[in-house]
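Good morning, colleagues. I should like to take you through one structure today, beginning with a single residue and moving outwards. Please have the view open in front of you.

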Amino acid sequence: NFFDLIIFWSFLSVLACISGRYVGWLFFILGTAIFLTDAISLVTTEEHLTIQALAHFGWDSFVIAFKLTPMLSVAALTLSIVLIVGFIVFYNKLVFFFRTKNKKFTWCYLILSLLCIIAHHDVPSAIRKTVTQYYFTQFSTTNLNETISALGGQDFIYPESIKAKQGKNVVIIYLESFEDAFFKRKEFKDLVWQTQEIRKQWNTFSNYQMVDGSTWTISAIYATQTGLPMLVAGMNANNQLQNLIAPRYPSIYSILNKAGYVQTFLTGSNKSFAGKGNFLLRNGVDKVIDRDTILLENPDLPLSPWGIYDMDLLNEAKKEYLRLKETGKPFSLSLLTTDLHFPSGHQDSRLRHTVPIANSLDGLQYSLRITDHLLHDFLSFLRQHETEDNLAIFVLPDHEMMGTEAINDNVKILSSGSRGLWFTTNIHNIKGYEQQSKPIYCWDIPQIILTAAGIETNVRFGQSLFPQISPVWIKDHHQELSRLTFLLNSFKDESQRN
């Protein structure tokens, strides 16, 4: 991957040497900007200029990259500095070499590198896709209603028109990267036996498929809450959620808010990352408990690269659950784990005696075993303090494990067969979703949760809202859906309408 990137950068740098001074420096600046951006993408996602890497691009990206893969990040940074400084210091000599002394070599190199770029077209195709999508998203003249209509939307309900009636109390557990393939591969399935037992006892959908616009954490939360893929365009596009004031879409949380629920969301990371906290609060969540909140009361807790370890997060979730129950009001409690995060998970050494580690387990496999143990413990706690008649519990991964099999051995194992997600609930016989083998997608999740919890609403999701919605339809309408995401999250106050 880095070889492709270096070839692309050197191609633009040689063009810079044979062009005029101003055009040449333009080529060099463009190549350097692409190089640095793509290097961060490769380090954080192991892929070229992914939408999620661009959406997250900012200072946080550098910090997270160095925490997750310090050796690779240092190597990428060192290589970037050497290439950039070397070009600037030897600019005049390079110009003389390529423009005057070795013209035949220059043209041969340009042709060969161009052929290499065409053969391995990941970088230019990622750039083209991003630029095209960004232009359409930002500069299309269609307004919100026109965009929804063009996509075939029917009876879209805006937040001020939501109607909702109370049902059961709700618990939603998002598990970082805990994809369905972990239950199928012999290298992992013995590590998740407790979760597998839960899946057998509960109402489990093991054919939950990930689609574009739900492949990283905030997009998965957004998509499963709103039933809409989060397709974004532009660098640091997640800031759109950070700056959001008046969302123009309904979500599970805004529906529960309308029904009078008290709502808390817990995350082990910083709530400001990717605009997560603001998105939740603007959609009706009353309180977001994050790394900083927990550290205020427990400043000596050990930290992972993402923040609070899951054991401490779930201990806090138990306390918050009891607090919510004592209010006597309907409530929802949601949480997002982080210990299983790409690329190698985060191992809490305090659990070595509770969850013994075998010598054959690597970091990710042990993190998987920890997550399995902590989930079982938390669900046992819920059973002790609530009857199923009054509590609807939902467990799902946020997305598949990130990374590519060329670099990550565990991803290689996961990719040796079919992959996907899973969704399970303690509520059986959900109307409209009686067939667990039928594929479900992010746009089905809100309807499943609301129906299972007995919450009545006038809001429509999935194919009831967009009849043509499917994985292929999303790919074919990337630009229009990016425009929709932009418009739904761009309103600064309630006076701005459709």
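By contact I shall mean heavy atoms within 4.5 Å. This is a predicted model, in which local features need pLDDT of at least 70 and side-chain atom pairs count only at pLDDT 80 or more, while totals for chains, interfaces and linings use all residues. Residues are numbered from 1 along each chain as its sequence is written, and side-chain values use heavy atoms, with hydrogens and water left out.

Let us begin with T226. Which residues does T226 touch, not counting those up to four places away in sequence? They are Y249, P250, S251, F279, P446 and F461. For S251, the C-alpha to C-alpha distance to T226 is 4.4 Å, with their positions 25 residues apart in sequence. T226 belongs to helix α11, residues 217–226; helices are DSSP runs of H or I with at least four residues, strands are runs of E with at least two, and both are numbered from the N terminus. T226 counts as buried because its relative accessibility is 3%, where buried means under 20% relative accessible area, exposed over 50%, and partly exposed in between, with a 1.4 Å probe and protein chains only.

The side chain of T226 also reaches the backbone oxygen of Y222 at 2.7 Å. In addition, a polar atom of that T226 side chain lies 3.1 Å from the backbone nitrogen of L228.

L228 brings us to F466, since L228 is among the residues in contact with F466 once neighbours within four places are left aside. The others are I148, L151, G152, G153, W473 and L484.

I turn now to the backbone. The peptide bond from F342 to P343 is cis, with omega near 5°, and P343 sits in the loop between β8 (331–336) and α17.

Which sign does phi take at S177? It is positive, about 60°, although S177 is not a glycine. S177 lies in the loop between β2 (169–175) and α10 (193–201), and S177 is buried because its relative accessible area is 0%. A274, likewise not a glycine, has a positive phi of about 65°. Its place is the loop between β4 (262–267) and α14 (276–282). With a relative accessible area of 12%, A274 is buried.

Finally, is V89 buried or exposed? V89, in helix α5 (residues 70–89), counts as exposed because its relative accessibility is 56%. Thank you.

Definitions and conventions: A polar contact is a pair of N or O atoms within 3.5 Å; within protein, one must be able to donate a hydrogen and the other to accept it, and residues adjacent in sequence count only if both atoms are side-chain atoms.
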